[in-house]
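Me: I'm new to this one and would like to look around it with you. Could we take it step by step?

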Amino acid sequence: MKYSYNTNGTCSRVIDFEVENGILKNVRFTGGCHGNLQGIAALVEGLEVEDVIQKLEGIRCREKPTSCPDQLANALKEIL
């Protein structure tokens, strides 16, 4: 199933992704640090949603209370 998540408090604005049988696929960030977010997307592709949440939840960007990876974790928690 395809999802789109509007981020909050980060440079990226939207995260689009798919979840199939509990596996994360086709992660795409709009906005933000393009190279870093491509790397994050590549690293989480094919992982179980719960594992991605555990790895990314709580990561902060500088003085912000959240980050693009943390926002992806929030998006995944929301669909569970």
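**A walk around the model**

Reply: Happy to! Just after α2 comes G58, whose phi is positive, near 90°. Keep in mind as we go that this is a predicted model.

Me: Let's stay with α2, then. Which residues of α2 are buried, and why do they lie on the same side?

Reply: An α-helix has 3.6 residues a turn, so residues three or four places apart point the same way. In α2 the buried residues cover an arc of only 100° around the axis, which puts them on the same side of the helix. Those buried residues are V49, V52, I53 and L56.

Me: Which exposed residues does the face of α2 turned away from its buried side carry?

Reply: The buried side of α2 packs against β2, β3, α1 and α3. The face turned away from that side carries two exposed residues, Q54 and K55.

Me: Which element gives the most to the largest nonpolar core?

Reply: In soluble globular proteins, nonpolar side chains tend to be buried together. The largest such core here has 20 residues, and F17, L24, V27, F29, L72 and L76 touch the most other members. Two or more residues come from each of β2 (12–20), β3 (23–31), α1 (34–44), α2 (49–56) and α3 (68–79). The element that gives the most, with five residues, is α3.

Me: V27 belongs to that core. What is V27 in contact with, leaving aside its neighbours within four places in sequence?

Reply: V27 is one of the core residues that touch the most other members. With those sequence neighbours left aside, its contacts are I15, D16, F17, A41, V44, E45 and L72.

Me: Is T7 buried or exposed?

Reply: T7 sits in the loop between β1 (2–6) and β2. Not counting residues up to four places away in sequence, T7 touches S12, R13, V14, I15 and Q71. A polar atom of the T7 side chain also lies 2.4 Å from the backbone oxygen of S12. Buried means under 20% relative accessible area, and T7 has 16%, so T7 is buried.

Me: What about N21: is it buried or exposed?

Reply: N21 is found in the loop between β2 and β3. Its phi is near 55°, a positive value in a residue other than glycine. The cut-off for exposed is over 50%, and N21 has a relative accessible area of 77%, so N21 is exposed.

Me: And where is R62 found?

Reply: R62 has a positive phi near 55° and is a residue other than glycine. At 74% relative accessibility, R62 counts as exposed. Its place is the loop between α2 and α3.

Note on methods:
Residues are numbered from 1 along each chain as its sequence is written. This is a predicted model: local features need pLDDT of at least 70, side-chain atom pairs count only at pLDDT 80 or more; totals for chains, interfaces and linings use all residues. Side-chain values use heavy atoms; hydrogens and water are left out. A nonpolar core is a set of buried Ala, Val, Leu, Ile, Met, Phe, Trp, Tyr and Cys residues joined through side-chain atoms within 4.5 Å. Buried means under 20% relative accessible area, exposed over 50%, partly exposed in between (1.4 Å probe, protein chains only). Helices (H or I, at least four residues) and strands (E, at least two) are DSSP runs, numbered from the N terminus. Contact means heavy atoms within 4.5 Å. The arc is that of the directions from the helix axis to the C-beta atoms. A polar contact is a pair of N or O atoms within 3.5 Å; within protein, one must be able to donate a hydrogen and the other to accept it, and residues adjacent in sequence count only if both atoms are side-chain atoms.
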